[in-house]
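User: Hi! I am new to protein structures and would like a close look at one part, the salt bridges.

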Amino acid sequence: MANPRAWQKMLSGRRLDLLDPTPMDIEITDIAHGLAFVARWNGQTLGDYAYSVAEHSLLVEEIFRRIAPGAPAKWQLAALLHDAPEYVIGDMISPVKNAVGPGYDEMDQRLMAAIHIRFGLPATLPVAVKKQIKKADRISAWMEATQIAGFDMAEADRFFGRPDAALMGGLTIRLRPPLETRSDFTARTDALLGLMA
């Protein structure tokens, strides 16, 4: 009996093996497109458009720059790409990830390592950088929870911790058409890659 198909055909023409991804099969256009069409919170958000993982990633990268002003472009890019594997495996909410078990996490880690290598980042990020990105991610999640996902502040504080208001100053959750978000995600990636060159 033949093995089940474990690859995804991408719009770029690449064929990405989900069980053994290689950096050569990863294109930023595929990542940007996929993330712009993947909804956070399983789509259970207010507004005329789903809140995409691409939009979330842009916000996380902006918050990361506030947490770590002066961080080199490579760590800013790592923040922007922190959820990049979700362009092919989707954005599972934490309760589902916990129910699925370690298989999802292992696939996510393999994809992330290939993505990092493809864009000139180390396969595994330094612990300090990873913690700063996680902090930015949790701040974004708190903002999303309270602004578009129906959580009150006390509930969001319990799950995500109360963020430092200064890190959120002037930031809002943006709900936009996917193609607009895709364009901004691609442009920001290109700008950071240019700074790294």
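Before we get to them, how much area does the chain expose, and what share of it do carbon and sulfur atoms supply?

Analyst: Happy to help! This is a predicted model, where local features need pLDDT of at least 70, side-chain atom pairs count only at pLDDT 80 or more, and totals for chains, interfaces and linings use all residues. Residues are numbered from 1 along each chain as its sequence is written, and side-chain values use heavy atoms, with hydrogens and water left out.

The chain exposes about 10,100 Å², and 55% of that comes from carbon and sulfur atoms (Shrake-Rupley method, 1.4 Å probe).

Now the salt bridges: a side-chain nitrogen of Lys or Arg within 4 Å of a carboxyl oxygen of Asp or Glu. The count comes to ten. One of them pairs Glu 144 with Arg 40, with the closest N and O atoms 2.7 Å apart. Glu 144 sits in helix H7, while Arg 40 is in the loop between helix H1 and helix H2, 104 residues apart (helices are DSSP runs of H or I, at least four residues, numbered from the N terminus). Both Glu 144 and Arg 40 are buried (under 20% relative accessible area; exposed is over 50%, partly exposed in between; 1.4 Å probe, protein chains only).

Glu 61 and Arg 188 also meet in a salt bridge, at 2.9 Å from N to O. Glu 61 belongs to helix H2 and Arg 188 to helix H10, so this pair ties together parts 127 residues apart in sequence. Here Glu 61 is buried, at 1% relative accessible area, whereas Arg 188 is partly exposed, at 21%.

Finally, Arg 176 bridges to Glu 180 at 3.4 Å between the closest N and O atoms. Salt bridges with shared partners join Glu 55, Arg 176, Glu 180 and Asp 184 into one network.

Note on methods. Helices (H or I, at least four residues) and strands (E, at least two) are DSSP runs, numbered from the N terminus.
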